[in-house]
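Hi,

Here is the structure I promised to pass on. Have a look at it first, and then read my notes below.

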Amino acid sequence: MNCEGIWKVEIYSPYGWERIATAFMKNGEYLAASANHYSVGTYTQDGDEVQISTEVTQHGDLRTVFGMKTADKMHVVSQCTLKENELLGKSVAKGKEGHDIQLRLTRLDTFE
């Protein structure tokens with residue numbers, strides 16, 4: 001199954017799954033945004049394994065992510081497994097490997 005499409009992006013927080021963005025994945029390009037951040041990057045797929053590599057820019061009210069509150073820019077790599085219309089995995093910020101975050105993407109639509 002191809003991972004191209006429009007995805008709801010969530011991270012696991014102390015309050016459960018929290019929606020953080022809407023992502024567009026097409027032709028190896030990854031674009032995502034919310035009211036307080038945007039992410040630009042790439043993805044690769046090998047069977048059911050998907051790796052997403054992004055540059056994340058926070059703006060407005062910065063939130064604590066990966067153990068950092070003051071980082072307005074960070075490089076994040078996510079390793080995920082595709083099962084039907086869901087990607088499950090974890091994300092790690094460069095230089096903050098001890099602060100990985102559980103990640104879930106749910107497909108909202110395709111480009112067909």
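Let me start with Glu10, which is buried, with a relative accessible area of 5%. Keep in mind that this is a predicted model. Glu10 sits in strand 1. Leaving out residues up to four places away in sequence, Glu10 touches Trp17, Glu18, Arg19 and Ile20, and also Gln102, Leu103, Arg104 and Thr106. Glu10 counts as buried because its 5% is under the 20% cut-off.

Now the overall fold. The protein chain has zero helices and eight strands, so the pattern along the sequence reads simply β-β-β-β-β-β-β-β. Those eight strands close into a barrel, in the order 1-2-3-4-5-6-7-8, with antiparallel pairing. Neighbouring strands of this sheet are turned by 30° against each other on average, ignoring direction.

A few totals for the chain, in case you want them. Of its 112 residues, 38% count as buried. The chain exposes about 6700 Å², and carbon and sulfur atoms supply 49% of that. If you take contacts between residues at least 6 apart in sequence, 38% of them join residues at least 24 apart.

I spent most of my time on strand 3, so here is that part in some detail. Strand 3 covers residues 29-33, and its side chains alternate. Tyr30 and Ala32 point to one face and are buried, while Glu29, Leu31 and Ala33 point to the other face and are not. On one side, strand 3 is joined to strand 2 (residues 16-26) by five bridges, and the two run antiparallel. Ala32 is the bridge partner of Ala23 in this pairing. Strand 3 also pairs with strand 4 (residues 37-46), antiparallel and again through five bridges. There, Leu31 has Val40 as its bridge partner.

Both connections are hairpins. The one from strand 3 to strand 4 goes through three residues, and the one between strand 2 and strand 3 has two residues between the strands. Asn27 is in that second loop, and its phi is near 50°, a positive value in a residue other than glycine. Asn27 is exposed, at 65% relative accessibility.

Which other residue has a positive phi, this one near 55°? That is Glu84, again a residue other than glycine. Glu84 lies in the loop between strand 6 (73-83) and strand 7, and Glu84 is exposed, with a relative accessible area of 65%. Just past that loop, strand 7 (residues 86-93) is joined to strand 8 (residues 101-109) by six bridges, and these two run antiparallel. One bridge there links Ser91 with Ile101.

Next, Cys3, which is in the segment before strand 1 (5-13). Is Cys3 buried or exposed? Cys3 is buried, with a relative accessible area of 0%. Apart from neighbours within four places in sequence, Cys3 is in contact with Met25, Tyr43, Gln45, Val50, Leu82 and Arg107. Take Tyr43 from that list: Cys3 and Tyr43 are 40 residues apart along the chain, and their C-alpha atoms are separated by 9.4 Å.

Last, the rings. The count of aromatic pairs comes to one. The pair is Tyr12 with Trp17, in an edge-to-face arrangement, at 5.2 Å centre to centre and with 70° between the planes. It counts as edge-to-face because the 70° between the planes is over 60 degrees. Tyr12 is partly exposed, at 44% relative accessibility, and Trp17 is also partly exposed, at 32%. Trp17 has come up before, as one of the residues that Glu10 touches. There is also a charge over a ring: Lys26 lies over the face of Phe111, at 5.0 Å from the ring centre.

If you open the model, I would begin with Glu10 and its contacts, then go to strand 3 and its alternating side chains, and finish with the Tyr12 and Trp17 pair.

Cheers

Note on methods. Residues are numbered from 1 along each chain as its sequence is written. This is a predicted model: local features need pLDDT of at least 70, side-chain atom pairs count only at pLDDT 80 or more; totals for chains, interfaces and linings use all residues. Side-chain values use heavy atoms; hydrogens and water are left out. Rings of Phe, Tyr and Trp (its six-membered ring) pair if their centres lie within 6.5 Å; planes under 30 degrees apart count as stacked, over 60 as edge-to-face and the rest as tilted. Buried means under 20% relative accessible area, exposed over 50%, partly exposed in between (1.4 Å probe, protein chains only). A charge sits over a ring if NZ of Lys or CZ of Arg is within 6 Å of the ring centre and within 35 degrees of the ring normal. Helices (H or I, at least four residues) and strands (E, at least two) are DSSP runs, numbered from the N terminus. Two strands pair if DSSP finds at least two bridges between them. Contact means heavy atoms within 4.5 Å. Accessible areas come from the Shrake-Rupley method with a 1.4 Å probe; for residues, only the protein chains shown count as cover. Axes are lines fitted to C-alpha atoms, for helices over the stretch in contact, and angles run from 0 to 180 degrees between N-to-C directions.
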